[in-house]
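Please open the structure in a viewer and keep the sequence panel at hand. The tour proceeds from the whole chain to selected residues.

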Amino acid sequence: GWRILRAMMAMSLGFPNAKTISAAIGQSIAIILGVFGLLSGNFILALVAVFVFFGASQETVEVAMKSVLTTRRVGDACNKDVPTFMSGDRVSKVVEVLLNSPQQEFPVKQGTTLLGIVTRDIVLHTLESSHDDLYVTEIMQRDYLRVNATQTLDEARDAMAHKQSPVAAVYDGDRYIGLLSERDLQEAFTILSFVQRQAQARIAT
(Lines give C-alpha, C1' and ligand atoms only; values in the text may rest on other atoms or scores of the structure.)
Protein backbone atom coordinates (compact mmCIF):
# COMPACT_ATOMS: atom_id res chain seq x y z
CA GLY A 1 0.00 0.00 0.00
CA TRP A 2 2.87 2.34 0.81
CA ARG A 3 4.47 1.77 -2.58
CA ILE A 4 1.14 2.19 -4.38
CA LEU A 5 0.56 5.50 -2.59
CA ARG A 6 4.07 6.66 -3.52
CA ALA A 7 3.56 5.73 -7.17
CA MET A 8 0.24 7.59 -7.35
CA MET A 9 1.69 10.74 -5.79
CA ALA A 10 4.75 10.58 -8.03
CA MET A 11 2.55 11.14 -11.09
CA SER A 12 1.71 14.65 -9.92
CA LEU A 13 4.38 15.58 -7.37
CA GLY A 14 7.48 13.97 -8.82
CA PHE A 15 9.28 10.95 -7.41
CA PRO A 16 11.51 12.70 -4.78
CA ASN A 17 8.57 14.59 -3.24
CA ALA A 18 6.37 11.50 -3.39
CA LYS A 19 8.98 9.43 -1.54
CA THR A 20 9.34 12.08 1.16
CA ILE A 21 5.60 12.44 1.73
CA SER A 22 4.88 8.71 1.61
CA ALA A 23 7.68 8.09 4.11
CA ALA A 24 6.18 10.67 6.48
CA ILE A 25 2.75 9.05 6.12
CA GLY A 26 4.28 5.63 6.72
CA GLN A 27 5.97 6.83 9.92
CA SER A 28 2.72 8.39 11.17
CA ILE A 29 0.74 5.21 10.53
CA ALA A 30 3.47 3.15 12.19
CA ILE A 31 3.27 5.29 15.34
CA ILE A 32 -0.53 4.91 15.48
CA LEU A 33 -0.28 1.14 14.96
CA GLY A 34 2.48 0.87 17.55
CA VAL A 35 0.50 2.72 20.20
CA PHE A 36 -2.63 0.71 19.41
CA GLY A 37 -0.67 -2.54 19.56
CA LEU A 38 0.83 -1.72 22.95
CA LEU A 39 -2.48 -0.56 24.45
CA SER A 40 -4.36 -3.59 23.16
CA GLY A 41 -1.66 -6.06 24.11
CA ASN A 42 -1.05 -7.00 20.47
CA PHE A 43 2.75 -7.03 20.61
CA ILE A 44 3.07 -8.59 17.14
CA LEU A 45 1.33 -5.52 15.70
CA ALA A 46 3.62 -3.27 17.74
CA LEU A 47 6.66 -5.12 16.39
CA VAL A 48 5.39 -4.76 12.82
CA ALA A 49 4.90 -1.02 13.47
CA VAL A 50 8.55 -0.74 14.57
CA PHE A 51 9.74 -2.32 11.31
CA VAL A 52 7.45 -0.06 9.27
CA PHE A 53 8.68 3.03 11.13
CA PHE A 54 12.36 2.27 10.57
CA GLY A 55 11.69 1.29 6.96
CA ALA A 56 10.06 4.67 6.38
CA SER A 57 12.94 6.39 8.18
CA GLN A 58 15.43 4.68 5.88
CA GLU A 59 13.37 5.83 2.90
CA THR A 60 13.58 9.42 4.17
CA VAL A 61 17.36 9.19 4.53
CA GLU A 62 17.63 7.69 1.05
CA VAL A 63 15.67 10.57 -0.48
CA ALA A 64 17.80 13.12 1.35
CA MET A 65 21.07 11.50 0.26
CA LYS A 66 19.97 11.23 -3.34
CA SER A 67 18.84 14.86 -3.54
CA VAL A 68 22.08 16.11 -1.98
CA LEU A 69 24.59 13.81 -3.70
CA THR A 70 23.22 14.57 -7.17
CA THR A 71 24.48 18.16 -6.78
CA ARG A 72 28.19 17.30 -6.82
CA ARG A 73 30.56 15.33 -9.02
CA VAL A 74 32.82 12.48 -7.97
CA GLY A 75 35.89 14.54 -8.79
CA ASP A 76 34.87 17.09 -6.16
CA ALA A 77 34.79 14.62 -3.26
CA CYS A 78 37.27 11.84 -4.02
CA ASN A 79 40.45 11.50 -2.00
CA LYS A 80 43.31 12.56 -4.24
CA ASP A 81 45.98 12.60 -1.51
CA VAL A 82 45.64 9.05 -0.23
CA PRO A 83 49.00 7.31 0.48
CA THR A 84 50.04 5.27 -2.55
CA PHE A 85 52.11 2.10 -2.79
CA MET A 86 54.14 0.91 -5.74
CA SER A 87 54.26 -2.61 -7.14
CA GLY A 88 57.62 -3.34 -5.46
CA ASP A 89 56.46 -2.40 -1.97
CA ARG A 90 55.91 -5.03 0.70
CA VAL A 91 53.28 -5.46 3.39
CA SER A 92 55.68 -4.13 6.05
CA LYS A 93 55.62 -0.74 4.35
CA VAL A 94 51.83 -0.74 4.36
CA VAL A 95 51.85 -1.54 8.08
CA GLU A 96 53.99 1.53 8.76
CA VAL A 97 51.35 3.69 7.07
CA LEU A 98 48.47 1.94 8.88
CA LEU A 99 50.00 2.87 12.22
CA ASN A 100 49.91 6.58 11.35
CA SER A 101 46.84 6.92 9.15
CA PRO A 102 43.09 6.30 9.57
CA GLN A 103 42.85 5.59 5.83
CA GLN A 104 41.12 2.28 5.05
CA GLU A 105 41.99 1.83 1.36
CA PHE A 106 45.20 2.41 -0.58
CA PRO A 107 45.99 2.36 -4.30
CA VAL A 108 48.79 0.20 -5.68
CA LYS A 109 50.43 1.60 -8.81
CA GLN A 110 53.11 0.82 -11.34
CA GLY A 111 54.26 4.15 -12.67
CA THR A 112 51.04 6.06 -13.32
CA THR A 113 48.94 2.92 -13.85
CA LEU A 114 46.66 1.71 -11.07
CA LEU A 115 47.16 -2.02 -10.54
CA GLY A 116 44.78 -2.58 -7.67
CA ILE A 117 43.58 -1.54 -4.23
CA VAL A 118 44.73 -2.87 -0.88
CA THR A 119 42.55 -2.39 2.18
CA ARG A 120 43.29 -2.27 5.90
CA ASP A 121 41.19 -5.41 6.43
CA ILE A 122 43.15 -7.35 3.81
CA VAL A 123 46.46 -6.34 5.39
CA LEU A 124 45.31 -7.33 8.88
CA HIS A 125 44.03 -10.67 7.60
CA THR A 126 47.38 -11.24 5.87
CA LEU A 127 49.27 -10.51 9.08
CA GLU A 128 47.16 -13.10 10.90
CA SER A 129 47.52 -15.81 8.25
CA SER A 130 51.10 -15.34 7.04
CA HIS A 131 54.45 -14.53 8.65
CA ASP A 132 56.05 -13.65 5.30
CA ASP A 133 56.60 -10.04 4.22
CA LEU A 134 54.65 -10.40 0.99
CA TYR A 135 54.62 -8.00 -1.91
CA VAL A 136 51.59 -5.76 -1.79
CA THR A 137 50.68 -6.93 -5.30
CA GLU A 138 50.12 -10.42 -3.89
CA ILE A 139 47.29 -9.34 -1.61
CA MET A 140 45.69 -6.37 -3.41
CA GLN A 141 42.28 -6.42 -5.07
CA ARG A 142 42.78 -6.42 -8.82
CA ASP A 143 39.08 -6.40 -9.73
CA TYR A 144 38.21 -2.92 -8.46
CA LEU A 145 35.25 -0.70 -9.27
CA ARG A 146 36.00 2.20 -11.60
CA VAL A 147 33.95 5.42 -11.75
CA ASN A 148 34.39 8.61 -13.73
CA ALA A 149 35.15 11.95 -12.12
CA THR A 150 32.27 13.55 -14.05
CA GLN A 151 29.62 11.22 -12.57
CA THR A 152 27.48 12.50 -9.74
CA LEU A 153 28.18 11.26 -6.24
CA ASP A 154 24.78 9.58 -6.25
CA GLU A 155 25.63 7.67 -9.43
CA ALA A 156 28.88 6.51 -7.83
CA ARG A 157 27.01 5.48 -4.68
CA ASP A 158 24.58 3.40 -6.76
CA ALA A 159 27.49 1.74 -8.59
CA MET A 160 29.24 0.93 -5.30
CA ALA A 161 26.05 -0.52 -3.86
CA HIS A 162 25.45 -2.61 -6.99
CA LYS A 163 28.99 -4.03 -6.89
CA GLN A 164 28.92 -4.25 -3.08
CA SER A 165 32.22 -2.38 -3.08
CA PRO A 166 33.18 -0.03 -0.23
CA VAL A 167 35.59 1.87 -2.48
CA ALA A 168 35.92 2.94 -6.10
CA ALA A 169 38.85 4.12 -8.19
CA VAL A 170 38.17 7.51 -9.75
CA TYR A 171 39.32 8.25 -13.29
CA ASP A 172 39.44 11.42 -15.32
CA GLY A 173 39.18 9.86 -18.73
CA ASP A 174 41.91 7.21 -18.70
CA ARG A 175 43.88 8.86 -15.90
CA TYR A 176 43.55 7.62 -12.33
CA ILE A 177 43.13 10.54 -9.91
CA GLY A 178 42.03 9.13 -6.53
CA LEU A 179 39.76 6.92 -4.46
CA LEU A 180 36.15 7.34 -3.37
CA SER A 181 35.00 5.42 -0.29
CA GLU A 182 31.71 5.04 1.54
CA ARG A 183 33.16 7.28 4.24
CA ASP A 184 33.91 9.97 1.64
CA LEU A 185 30.29 9.79 0.49
CA GLN A 186 28.98 10.10 4.05
CA GLU A 187 31.26 13.08 4.75
CA ALA A 188 30.19 14.73 1.50
CA PHE A 189 26.52 14.23 2.41
CA THR A 190 27.04 15.73 5.88
CA ILE A 191 28.92 18.76 4.57
CA LEU A 192 26.63 19.42 1.61
CA SER A 193 23.53 19.07 3.81
CA PHE A 194 24.95 21.69 6.16
CA VAL A 195 25.74 24.03 3.25
CA GLN A 196 22.21 23.63 1.89
CA ARG A 197 20.66 24.34 5.30
CA GLN A 198 22.79 27.45 5.67
CA ALA A 199 21.79 28.66 2.20
CA GLN A 200 18.10 28.09 2.94
CA ALA A 201 18.45 29.94 6.26
CA ARG A 202 20.02 32.94 4.51
CA ILE A 203 17.19 33.00 1.97
CA ALA A 204 14.58 32.81 4.73
CA THR A 205 16.10 35.75 6.56
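The stops below begin with the overall fold and then turn to the cores and to individual positions.

**The whole chain**

Display the protein chain as a cartoon, bearing in mind that this is a predicted model. Eight helices and six strands make up its secondary structure. Traced from the N terminus, the elements follow the order α-α-α-α-β-α-β-β-α-β-α-β-β-α. The radius of gyration is 22 Å, well over the 17 Å that the globule rule gives for 205 residues, so the chain is more spread out than a compact globule. Reduced to its C-alpha trace, the chain spans about 65 × 45 × 30 Å along its principal axes.

Next, switch to a surface representation. The accessible surface amounts to about 12,400 Å², and carbon and sulfur atoms contribute 59% of that area. Of the 205 residues, 38% count as buried. Colouring by charge brings up 19 positive and 21 negative charges, whose mean positions lie 7 Å apart. Among contacts with a separation of 6 or more, 57% join residues 24 or more positions apart.

**The nonpolar cores**

Select Val 118, Val 123, Ile 139, Ala 169, Tyr 176 and Leu 179 and show their side chains. These residues have the most contacts inside the largest nonpolar core, which has 21 residues. Two or more residues of this core come from each of helix H5 (91–98), strand E2 (105–110), strand E3 (113–119), helix H6 (120–129), strand E5 (167–172) and strand E6 (175–181).

Which residues does Ile 139 contact, beyond its neighbours within four places in sequence? The partners are Val 91, Val 118, Ile 122, Val 123, Thr 126 and Leu 134. Another core, of 19 residues, lies apart from the largest one; Met 65, Met 160, Leu 185 and Leu 192 are among its members.

**Cys 78 and Ala 77**

Move to Cys 78, in the loop between helix H4 (74–77) and strand E1 (85–86). With a relative accessible area of 9%, Cys 78 is buried, because this value falls under 20%. Outside its neighbours within four places in sequence, Cys 78 is in contact with Val 170, Ile 177, Leu 179 and Leu 180. A distance label drawn from Cys 78 to Ala 156 should read 11 Å between C-alpha atoms, for two positions 78 residues apart along the chain.

Step back to Ala 77, which belongs to helix H4. Ala 77 has a relative accessible area of 21% and is partly exposed. Residues up to four places away in sequence being set aside, Ala 77 touches Leu 153, Leu 180, Asp 184 and Ala 188. The C-alpha atoms of Ala 77 and Thr 152 are separated by 10.0 Å, with these positions 75 residues apart in chain numbering.

**Leu 115**

Select Leu 115 in strand E3. Its relative accessibility is 22%, and Leu 115 therefore counts as partly exposed. With neighbours within four places in sequence left out, the residues in contact with Leu 115 are Ser 87, Val 108, Lys 109, Gln 110, Thr 137, Met 140, Gln 141, Arg 142 and Tyr 144. For a sense of scale, add Ile 31 to the selection: Leu 115 and Ile 31 are 51 Å apart, C-alpha to C-alpha, and 84 residues apart in sequence.

**Ala 24**

Centre the view on Ala 24, in helix H2 (residues 15–40). At 38% relative accessibility, Ala 24 is partly exposed. Now add Ala 56, which is 32 residues from Ala 24 along the chain; their C-alpha atoms are separated by 7.1 Å.

**Gln 164**

The last stop is Gln 164, in the loop between helix H7 (153–163) and strand E5. Is Gln 164 buried or exposed? At 74% relative accessibility, Gln 164 counts as exposed. Inspect its backbone as well: phi of Gln 164 is near 55°, a positive value in a residue other than glycine. Most residues other than glycine have a negative phi.

Technical notes
Residues numbered from 1 in each chain as written. Predicted model: local features only at pLDDT ≥ 70, side-chain atom pairs only at ≥ 80, totals over all residues. Heavy atoms only, no water. Helix = DSSP H or I, 4+ residues; strand = E, 2+ residues; numbered from the N terminus. Rg over C-alpha atoms; globule rule 2.2 N^0.38 Å. Buried < 20%, exposed > 50% of the residue type's maximum accessible area, 1.4 Å probe, protein only. Contact = heavy atoms within 4.5 Å. Areas by Shrake-Rupley, 256 points an atom, 1.4 Å probe, with all protein chains shown as cover. Lys, Arg positive; Asp, Glu negative; His and termini not counted. Charge placed at Lys NZ, Arg CZ, Asp CG, Glu CD. Core = buried A, V, L, I, M, F, W, Y, C linked by side-chain atoms within 4.5 Å.
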